[in-house]
Amino acid sequence: RNLDFKIVENGKLAVDEVQKSHPKLILMDISMPVMNGIEATGEIRRLFGPSGSGQSPIIIGVTAHALKDDRESCIAAGMDDYMSKPISPDMLIEKICKWLPELELPDEDNQPNRSRFTR
């Protein structure tokens, strides 16, 4: 199954895009112009309800900061998870598989296999 990706330039556009396309998962950069990732997450949760409500997307915070307080700030803001930059392809796949287990991503032999990415 194909995955669709949309990239936006700032947090306000992220909120607008979520209202249009209703994604299942968002990688939310914390340091965006106009409206930062914390503010955008708050607005998305206000519009769609809390995480796990069935209406609200999964939000994974992405930041260049790797301090414990940064992760806690993301979770306190309503994000479901957190990744610090730089993000490796394996880390990204692991997070996607964790939060969207219904996806079957191919392994090196092009065979569906999620087990190497789950913990």
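**Exercise 1.** Which strands do the buried residues of α4 pack against?

*Solution.* The model is a predicted one, and the steps below should be read with this in mind. Begin with the helix itself: α4 covers residues 89-99, and its buried residues include Lys95, Ile96 and Cys97. Next, follow the contacts of the buried residues of α4, which lead to β2 and to β3, the strand of residues 81-84.

**Exercise 2.** Determine how β1 and β2 are arranged, and which helix forms a unit with them.

*Solution.* Take the strands before the helix: β1 (residues 25-29) and β2 (residues 58-63) run parallel and are joined by five bridges. One of the pairings can be found at Asp29, whose bridge partner in β2 is Val62. Then add the helix α2, residues 37-48, which together with β1 and β2 makes a β-α-β unit of right-handed sense.

**Exercise 3.** Describe the largest nonpolar core and the surroundings of Ile59, one of the residues with the most contacts inside it.

*Solution.* The largest nonpolar core has 14 residues, and those with the most contacts inside it are Ile26, Met28, Ile44, Ile59 and Met79. At least two residues of this core come from each of α1 (11-21), β1 and α2, and the largest share, three residues, is supplied by α2. Now turn to Ile59: when its neighbours within four places in sequence are left aside, Ile59 is in contact with Ile26, Met28, Ile44 and Met79, and also with Thr41, Arg45, Asp80 and Asp81. Apart from this core lies another, of eight residues, including Ile58, Ile60, Met83 and Leu100.

**Exercise 4.** Establish whether Cys74 and Cys97 are buried or exposed, and how many disulfides the structure holds.

*Solution.* The cut-off for a buried residue is under 20% relative accessible area. Cys74 counts as buried because its relative accessibility is 2%, and Cys97 is likewise buried, since its relative accessible area is 2%. The second part is a separate matter: a disulfide is a covalent bond between the sulfur atoms of two cysteines, and the number of disulfides in the structure is zero.

**Exercise 5.** Locate Glu72, classify its accessibility, and state how far its C-alpha atom is from that of Tyr82.

*Solution.* Glu72 has its place in helix α3, residues 68-76. Its relative accessibility is 41%, so Glu72 counts as partly exposed, the class between under 20% and over 50%. Finally, Glu72 and Tyr82 are 10 residues apart along the chain, and their C-alpha atoms are separated by 9.0 Å.

Conventions
Residues are numbered from 1 along each chain as its sequence is written. This is a predicted model: local features need pLDDT of at least 70, side-chain atom pairs count only at pLDDT 80 or more; totals for chains, interfaces and linings use all residues. Side-chain values use heavy atoms; hydrogens and water are left out. Two strands pair if DSSP finds at least two bridges between them. Helices (H or I, at least four residues) and strands (E, at least two) are DSSP runs, numbered from the N terminus. A crossover is right-handed if, with the strands pointing away from the viewer, the path from the first strand over the helix to the second runs clockwise. A disulfide is a pair of cysteine sulfur atoms within 2.5 Å. Buried means under 20% relative accessible area, exposed over 50%, partly exposed in between (1.4 Å probe, protein chains only). Contact means heavy atoms within 4.5 Å. A nonpolar core is a set of buried Ala, Val, Leu, Ile, Met, Phe, Trp, Tyr and Cys residues joined through side-chain atoms within 4.5 Å.
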